[in-house]
Amino acid sequence: MRRKIVMIGPVYPYKGGISHYTGLMYRELEKRCDVEMISYKMQYPRFLFHKEQRDYSNDSFRIEHAEYILHTANPVNIIKTARHIRRQRPDMVVIQWWHPYFAPCYFLLTRFTGGQNVVFICHNVFPHERFPMDRFLTRLALKYGGHYIVHAREEAEELRKIKKNPDYVVTPHPTYNAFRFEGMSQAQARERLQISPEERILLFFGYVREYKGLKYLMRAMPEIFREDEKVRLWVVGEFGTDRDEYGNLIHELGIRNWIRVVDSYTPDREVEQYFAAADLVVLPYTSATQSGIVQIAYGFTKPVIVTNVGGLPDVVEDGRTGYVVRPESPEAIAEAVLRFFRENQARRMEKNIEEESYRFSWERMGDVMELFFD
């Protein structure tokens, strides 16, 4: 008989990388098991998350039989959902974990499922932006887990700080390879975005937050441009209230003609054009656990530059699939960018990324999950 799994987490139409991750994991596990997908009736209350949480513009990540029944702030609903799961008698309950907001919900959920085989997928053990009580809340949420998956060695260290002798596996974040909706070539993408074939495109993609270090990449641009006038930087992602700060930095550095800013959320079907058009994806983070942006880049066989923080060096082989540079250093970023173009590394690195396809595949993730069946 096929084993039964209950998965809990965001899926379409919820926005963001964890929703994509959950949907892609569901598709892989469904090949092997009977999977019941439980998503949120309410994910975040509006007073905590003011932006639109759902995006109906692209249903390619839709999970046909997902049940949107979990209200994360309603204890009666949470206990009711837990009892529903308990009645299913699954072989495994898989929960996506990334922020302490969910701690009371998941504490009740795991407490009332009655000792099920619970696996937490820890995207971050602790949040990127720490706050008082986050350690207590994280310990509260994860205490009833039987097994854990983390995507970086650093995250395993964090897990051991709050749980004694946890049963965990460190495995790379799988590739987001589902954004190739049109199979767009670089030339086609550049024609759509009105980018010259001669330009050399750096891409910074995703929500702009202080810890993502965009200002260091911007500060690298004058040095890059002095040696290579063909290099341009595209910044694609929503800014917060600090948009003016970055605008002022662009003016101060005099790089307005070398940078293109697309300040908006990028619908799923528009992701492809930016990665297809790029030569190199840059993540100048000052702190990180892991990043889905690297995995999207790999899905388009695009090399990356990352900083030596968190789990980023775990997924980038320096000199083979990209470069790992010291954080908070415009000089190190500029040196890596110029080396990449000067030595014509694109095709060699693309081949190396292709050779790593199983290591970053959802098939491998499915194989890892099977280790946790009790």
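## Close-up views of a predicted model

**View 1. The open sheet of seven strands.** In this predicted model, 7 strands form an open sheet with parallel pairing, in the order β3-β2-β1-β4-β5-β6-β7. The edges are taken by β3 (67–71) and β7 (168–170), and because each has a single partner strand, one side of each is left without a neighbour in the sheet. From one strand to the next, the twist averages 25 degrees. At the β3 edge, strand β2 (residues 34–42) runs parallel to β3 and is joined to it by 4 bridges, with I38 standing opposite E67 in β3.

**View 2. Helices lying across the sheet.** Helix α5 (residues 153–162) lies across β6 (147–150) and β7, and runs at about 160 degrees to β7. Helix α14 (residues 362–369) lies across β4 (92–97), β5 (118–122), β6 and β7, its direction being at about 155 degrees to β6.

**View 3. The nonpolar cores.** The largest nonpolar core has 63 residues, and those with the most contacts inside it are M25, F275 and M369. When residues up to four places away in sequence are not counted, M25 touches M7, V94, Q96, I121, W362, M365 and M369. Another core, of 36 residues, lies apart from the largest one, and among its members are L70, L142, A156 and I162. As a general background to this view, nonpolar side chains tend to be buried together in soluble globular proteins.

**View 4. A β-α-β unit with parallel strands.** Strand β9 (residues 231–236) pairs with strand β10 (residues 259–262) in the parallel sense, over 4 bridges, and V236 stands opposite V262 in β10. Together with helix α8 (residues 243–253), β9 and β10 make a right-handed β-α-β unit.

**View 5. The buried and exposed sides of helix α6.** Which residues of helix α6 (residues 186–193) are buried? They are A189, R190 and L193, and because these residues cover an arc of only 95 degrees around the axis, they are on the same side of α6. On the other side of α6, A187 and E191 are exposed. The buried residues of α6 are covered by elements including β8 (200–205), β9 and α9 (268–277). Following α6 comes Q194, whose phi is positive, near 60 degrees.

**View 6. The surroundings of R135.** R135 has its place in helix α4 (residues 134–142), where it is partly exposed, with a relative accessible area of 35%. Leaving aside neighbours within four places in sequence, the residues in contact with R135 are F126, R130, K161 and I162. For orientation within the chain, R135 and Y265 are 130 residues apart in sequence, and their C-alpha to C-alpha separation in space is 30 Å.

**View 7. The surroundings of T301.** T301 lies in the loop between α10 (292–299) and β12 (304–307). Is T301 buried or exposed? With a relative accessible area of 19%, T301 is buried, since the cut-off for a buried residue is under 20%. Apart from neighbours within four places in sequence, T301 is in contact with R180, E350, I353 and E354.

Key
Residues numbered from 1 in each chain as written. Predicted model: local features only at pLDDT ≥ 70, side-chain atom pairs only at ≥ 80, totals over all residues. Heavy atoms only, no water. Helix = DSSP H or I, 4+ residues; strand = E, 2+ residues; numbered from the N terminus. Buried < 20%, exposed > 50% of the residue type's maximum accessible area, 1.4 Å probe, protein only. Contact = heavy atoms within 4.5 Å. Pairing = 2+ DSSP bridges. Right-handed = clockwise from strand over helix to strand, strands pointing away. Axes fitted to C-alpha atoms, helices over the stretch in contact; angles between N-to-C directions. Arc of directions from axis to C-beta. Core = buried A, V, L, I, M, F, W, Y, C linked by side-chain atoms within 4.5 Å.
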